[in-house]
Structures are given as structure tokens and as C-alpha cells.
Amino acid sequence: MPELRKDPVVGRWVIISTERGRKPSDFAEHVGMKHATFCPFCPGNEGTTPNEVFAIRPPGSAANGPGWSLRVVPNKFPALQIEGSLNRRGEGLYDKMNGIGAHEVIIEGTDHHVDFADMSEEQIASVLRAYRERMVDLRNDKRLRYNLVFKNHGEAAGASLEHTHTQLISTPILPKQVQEELDGSLAYFQLKERCVWCDIVEQELTEGNGKRVILDSPHYLSIVPYAARFPFECWILPRDHQAAFETRPADEYRELAGVLRETLQRLNLVLDTPPYNLVVHTAPNRDSDHEYYHWHIEIMPKLTKVAGFEWGSGFYINPTPPEDAAQYLRDARSNPAHGGGDGGGAETSEVPA
């Protein structure tokens, strides 16, 4: 019999369609990215992007030229623009403001063909630290209330360039989904005087008997959530309470990189390298010490389509029970030497451009 499951944070109901019981092999093959003849993110093409705002490159290396291992540049076609004032105003009952914000691209490496999951732990740690650096910088802008880091991997997930990259959009308002998480977390805290996210971590490790756990490390937990909206949806959460991603101790990004890398590699093995969306949900700017909120990473493979019922009802139908998905991912082994190499390479420094 199908199950209705309620997300304990936002109160969203999900239909777990257990009678369908779709296995990894039941999902359609994925269509790869179209190969472009020119890539603005490749070394040597720095002049085709806006000037970098952050880079990892050898000391003394000139900005906006070759030699980098990671670059952050403004999006050439931004959803929001950084210059100007908000000018909040109304038109009768309607509210509007100027489209002010930041829209940046984190170019994660120099190799056009490497998959993000196949980068070394140290390379992925550098990407995570770049997220942190840009979030810390942008939260100083009093106009901006939220920094959303997201990655579209594969054409079906919205990527327009195959060179591995992440985007960051900083907005002057709180995104609706984040506000729902904040409201649900606060309501739970006011009722129980505990963080719901910390309770989720404890539940999955103890009373859940680990059946939805993919892997864990001293500071992080990778799970398929109880009320997963999509088949093989994964969450990565810190095991201890912390509201904001950018306040994480710097030395723990390497450990997080290992957990993220291993989770993505297992998804690639089980689902034959699916397209996916990855988002970092964190506390709002200048509100990094909430007792009730807990930052986390959500990974959503694009295996099913959201159609009329979902749009009309707000329900999601997930044809793969979370416990089954977690079992498939636990059984996958991406690399006997967990985490891979350290990336090596010449001495580098992280400097604003």
C-alpha cells in the first residue's frame, strides 16, 4: 500500500508509492550534455568572462589570466544585478522592487571534462571554501538577505555548460522554501525546545536503525530523508548544531568534501551518472546563530518529472521508498580508498581578485 509521509520541518506531505518500487535500472537513460565548440570557463578564455571576484592561483599570478585552479566570476547574464537601490514600492495590492542582487559563477576547476564527483577531496574542499568566502563577503551587503548556492549538473537539471561549475545568487528577500524551513524549525523549537534538524540526525542514527543512512563521518551525516520528494534524494547534514554553512570551522570542509564526493560517486554508480540539482540551505545573512535552524546540503537527481498533480496539489510522488534508495547507495562502493588523493600540486593561496 502507498504511504503518505509528512516532512517534520515544513509539514509537506509526500506520497511514497511503494507498490511501484522502482529500482535504479527502471529509470530512463539520461541524455548527456551537447558538446560546445567553445567554453568560456576553460583556461585561456578568461577574457570572455567578467573579471574574477575571487580566485585560487599561485602567489603573484595575475588576475583574469591563466594559472588559476578555481575562479569566481559574475554571471555574464545575471538574474539580478548588483548595482542600484531596492526602491520597494507598490502597485495597488501588488508589491515590487528593483531586481537587485548578486549572481556569481564558481568555476570549480580547469579540466573541461572532469565530473565534479571525480575531483579530489582537496579540490572539492577548495570549492566548498570558495562558497564560504563568497557568502561571507556578500552578507556584508545590507541590501542582501540570503545567499543561495546551487549546482545544476547535466542538461536535464538546467546546466547550459558542461564545464563543472556552481552558481550563487544573493537575493534581497528570503526564498519561500527557506522561509518555510525557518518557520517550521522555529515552531518545532518553540514546542519542544530542541532543534528539529538535530533530532533528525539523532533519529536516523538511533531509532531509525540507520536504514536511511548512506554514510557518516565524525562531523557529517549523509541520508535519504524520511519524506524524500524525489527518488534517491540525499541530504548531508552536520552532526552537531550549526545554523550557517559559512561559519563552519575551516578545517572541516575537507571532511565535508569527502562525504559529498562519496555520496555523489555512489549516485553515479547506482544511477549511471544522473543529472542532478544540488543546493545549500543555510541561515539568512546576519542571522547565523539560530538555535533552531541547521544548514544542510540537498541533492536531487532528475529521474522523474514534476507534472500536473504535483503542481496542483503541492504533493510529490516518489516511486522509490527512501529505505530502498539508501540501501542501494550503501551497497555501492565508489572507491576502496575512501576519499581519493589530496590533489597535490603547486603551492596556492586563496586571494580576492
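The residues lining the largest pocket divide into 16 nonpolar, six polar and eight charged. This pocket, in what is a predicted model, is the starting point of the tour.

**Stop 1: the largest pocket**

The space in the largest pocket amounts to about 790 Å³. Its lining comprises 30 residues, and those closest to the centre are Gln177, Arg229, Phe230, Met300 and Tyr316. Select these five residues to place the centre of the pocket on the screen. Next, colour β8 (146–153), α2 (176–192), β13, β14 and α5 (308–313), each of which supplies at least two residues of the pocket lining.

**Stop 2: the largest cavity**

Rolling a probe the size of a water molecule over the atoms shows where empty space is left. How many cavities of 30 Å³ or more does the structure hold? There is one, and the space within the largest cavity is about 80 Å³. To display its lining, select Asp7, Val9, Val10 and Arg12, then Gln177, Glu180 and Glu181, and finally Trp197, Arg229, Trp235, His281 and Glu298. By class, this lining has six charged, four nonpolar and two polar residues. Helix α2 gives the most to the cavity lining, with three residues. Gln177 and Arg229 deserve a second look here: they belong to the cavity lining and are also among the residues closest to the centre of the largest pocket.

**Stop 3: His153**

Return to strand β8 and select His153. Is His153 buried or exposed? With a relative accessibility of 16%, below the 20% limit for burial, His153 counts as buried. Show the side chain of Asp115 as well, since a polar contact of 3.3 Å links it to the side chain of His153. Apart from neighbours within four places in sequence, the residues in contact with His153 are Asp115, Ala159, Pro274, Pro275 and Tyr276.

**Stop 4: Thr273 and Arg286**

Select Thr273, in the loop between α4 (253–271) and β13 (276–281). Although Thr273 is not a glycine, its phi is positive, at about 55 degrees. The relative accessible area of Thr273 is 39%, and the residue is partly exposed.

Then follow the chain through β13 to Arg286, in the loop between β13 and β14 (296–301). Arg286 is likewise not a glycine, and has a positive phi of about 65 degrees. At 40% relative accessibility, Arg286 counts as partly exposed.

**Stop 5: Glu323**

The last selection is Glu323, in helix α6 (residues 322–331). Its relative accessibility is 16%, so Glu323 counts as buried. Which residues does Glu323 touch, not counting those up to four places away in sequence? They are Arg5, Lys211 and Arg212. Display the side chain of Arg212 together with that of Glu323: a polar contact of 2.6 Å joins the two. Finally, draw a C-alpha to C-alpha distance from Glu323 to Ile214; these residues are 109 places apart in sequence and 9.9 Å apart in space.

Terms used:
Residues are numbered from 1 along each chain as its sequence is written. This is a predicted model: local features need pLDDT of at least 70, side-chain atom pairs count only at pLDDT 80 or more; totals for chains, interfaces and linings use all residues. Side-chain values use heavy atoms; hydrogens and water are left out. Helices (H or I, at least four residues) and strands (E, at least two) are DSSP runs, numbered from the N terminus. Buried means under 20% relative accessible area, exposed over 50%, partly exposed in between (1.4 Å probe, protein chains only). Contact means heavy atoms within 4.5 Å. A polar contact is a pair of N or O atoms within 3.5 Å; within protein, one must be able to donate a hydrogen and the other to accept it, and residues adjacent in sequence count only if both atoms are side-chain atoms. On a 1 Å grid over the protein atoms alone, a cavity is a set of points where a 1.4 Å probe fits but cannot get out, and a pocket is an open set with protein on both sides within 12 Å along at least five of seven lines; lining residues have an atom within 4 Å of a point. Grid points are joined across faces, edges and corners, and a volume is the space filled by probe spheres set on the points. Ala, Val, Leu, Ile, Met, Phe, Trp, Tyr, Cys and Pro count as nonpolar, Asp, Glu, Lys and Arg as charged, and the others, Gly among them, as polar.
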